[in-house]
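The following note was prepared for a colleague who wished to go through the model point by point. Strands come before helices, and salt bridges and the surface follow.

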Amino acid sequence: MTAPLIDVLLATYNGARYLAPQLDSLLGQTHQHFRLLVSDDGSTDATLDILHGYRAAFGERLVLLPNPSTGAGVVRNFERLMHASLADGQARWAASCDQDDVWLPGKLAAQGAEMQRIESQAGAQTPCLVHGDLTVVNERLQVISPSFAAYQRTDPAAATALSLLSVNQVTGCAMMVNRTLLRMALPLPPEAIMHDWWCALISGSGRRSYLPRPLLLYRQHGANQVGARDRGLRSRLLRLGRDGAGVALRVRRLGQGTQAQAQALQQRLRALGLDDAYVARYLAWRKMPLPRRLAAYRNYYVGPELDRLSRCLLWHERS
């Protein structure tokens, strides 16, 4: 029986420094029935040369998408890949891939097996998402933390459709989605903060499964689009002490972004004829007076208590 075809969606931009180890890790996957779809956002370094140099190793599995409008950023770069995977209808599932990580050999196999399990229960017409933990490493692949979830003081397995509206616990480079989720997620609305967060929100209408073991080495090198931060109390207080005003500004901006993103989700669910009651309840709660929000904030915000309180106090919506 032929293993399901998986599309690996690799978004690149000036990634020459770390790209080759990532490509080697894809070639080392135990599940080899995959295509590598690549969208480059206008690299000016040797990224494209490296990709062309791997054509012999990947063969026809390496597909470099034309990109007539470079410079649109990481979200639109991944959106282009998502559209391409969905459009030709070949792959059953799609896995996002960052240019600077290293995948562990069993990543695709483990996610594929779990996707097979939840699709068999819920049906392929249900939007399904599988994600997992990561090992946080420095630029030389030395371990910073064996668990991204522990490092971030989060519990992705306990996340709910409601809590995901405020805090994303799905890391894109450790995410696989099925075709139904791709179809429901596209096009990504302008309000989508990141492609992985938007996919996580769409999975709230279907099934999301978390694998509590590392699937890849998550490289930290100072130029990550998102990256990992120690969210322990000491680290948080140090950041507040160094730049309290800046932290407060970023939290407020995130609050504005999450409200707009939730409103976009509500519109998408209504357009698809799906239940949006929990999103409406969330948006209504965001506008309540502070005492009423404080009474229930733990239902809406997850993670370290300092993060939860700062969001509750600073995310008051006036409209």
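1. Strands S4 and S8 pair in the antiparallel sense, over three bridges. In this predicted model, Ala-94 stands opposite Val-177 of S8. Strand S8, residues 175-178, is covered on both faces. Met-175 and Val-177 lie on one side, Met-176 and Asn-178 lie on the other, and all four are buried. The general pattern behind such a division is that side chains in a regular strand alternate between the two faces of the sheet.

2. S8 also pairs with strand S6 (residues 128-137); three bridges join them, and the two run antiparallel. Val-177 appears here again, as the bridge partner in S8 of Leu-129. Val-177 is thus named in bridges with Ala-94 and with Leu-129.

3. How many of the residues of S6 are buried? The count is 10 of 10. S6 pairs with strand S9 (residues 207-219) in the parallel sense, through nine bridges, and Val-130 stands opposite Ser-209 of S9.

4. A further partner of S6 is strand S7 (residues 143-145), which runs antiparallel to S6 and is joined to it by two bridges. Val-137 faces Val-143 of S7. Five residues lie between the strands of this hairpin, and Leu-141 in the hairpin has a positive phi near 70°.

5. Helix H4 covers residues 74-88, and its geometry can be checked against its length. At 1.5 Å a residue, its 15 residues should span 21 Å; the end C-alpha atoms are 22 Å apart, which agrees. Its buried residues are Val-75, Asn-77, Phe-78, Glu-79, Arg-80, Leu-81, Met-82, Ser-85 and Leu-86. These pack against strands S1 (6-12), S2 (34-40) and S4 (93-97), and against helices H7 (179-185) and H8 (195-202). Gly-89, just after H4, takes a positive phi of about 70°.

6. Within H4, the side chains of Arg-76 and Glu-79 form a salt bridge with an N to O distance of 2.8 Å. The two residues are three apart in the helix, about one turn. An α-helix has 3.6 residues a turn, so residues three or four places apart point the same way. The partners differ in cover: Arg-76 counts as partly exposed because its relative accessibility is 24%, whereas Glu-79 is buried at 11%, the limit for buried being under 20%.

7. Helix H5 (residues 107-122) passes a similar check: at 1.5 Å a residue, 16 residues should span 22 Å, and the end C-alpha atoms are 22 Å apart, in agreement. Buried residues of H5 include Leu-108, Ala-110, Met-115 and Ile-118. Charged residues are also among the buried ones, including Lys-107, Glu-114 and Glu-119. Gly-123 follows H5 and has a positive phi near 100°.

8. A search of the whole structure finds eight salt bridges. One of them joins the side chains of Asp-7 and Arg-35, at 2.8 Å from N to O. Asp-7 lies in S1 and Arg-35 in S2, so this pair ties together parts that are 28 residues apart in sequence. Both Asp-7 and Arg-35 are buried. Together with Asp-88, these two residues are linked in a network of salt bridges.

9. Which residue pairs with Asp-276 in a salt bridge? The partner is Arg-270, with an N to O distance of 2.8 Å. Asp-276 counts as buried, because its relative accessibility is 14%. Arg-270, at 55%, counts as exposed.

10. Asp-24 is found in helix H1 (residues 16-27). Its relative accessibility of 42% makes Asp-24 partly exposed. The C-alpha atoms of Asp-24 and Ala-57 are separated by 9.4 Å, while the two residues are 33 apart along the chain.

11. On the surface, Leu-290, Leu-294, Leu-309 and Leu-313 form a nonpolar patch with about 290 Å² of accessible area together. Helices H11 (290-296) and H12 (305-314) each supply at least two residues of this patch. Leu-290 is found in H11, and its relative accessibility of 32% counts as partly exposed. That value meets the patch criterion of over 30% relative accessible area.

Methods. Residues numbered from 1 in each chain as written. Predicted model: local features only at pLDDT ≥ 70, side-chain atom pairs only at ≥ 80, totals over all residues. Heavy atoms only, no water. Patch = residues over 30% accessible without salt bridge, like charges linked within 9 Å, V, L, I, M, F, W, Y side chains within 5 Å. Areas by Shrake-Rupley, 256 points an atom, 1.4 Å probe, with all protein chains shown as cover. Salt bridge = Lys/Arg side-chain N within 4 Å of Asp/Glu carboxyl O. Buried < 20%, exposed > 50% of the residue type's maximum accessible area, 1.4 Å probe, protein only. Expected span 1.5 Å × (residues − 1). Contact = heavy atoms within 4.5 Å. Pairing = 2+ DSSP bridges.
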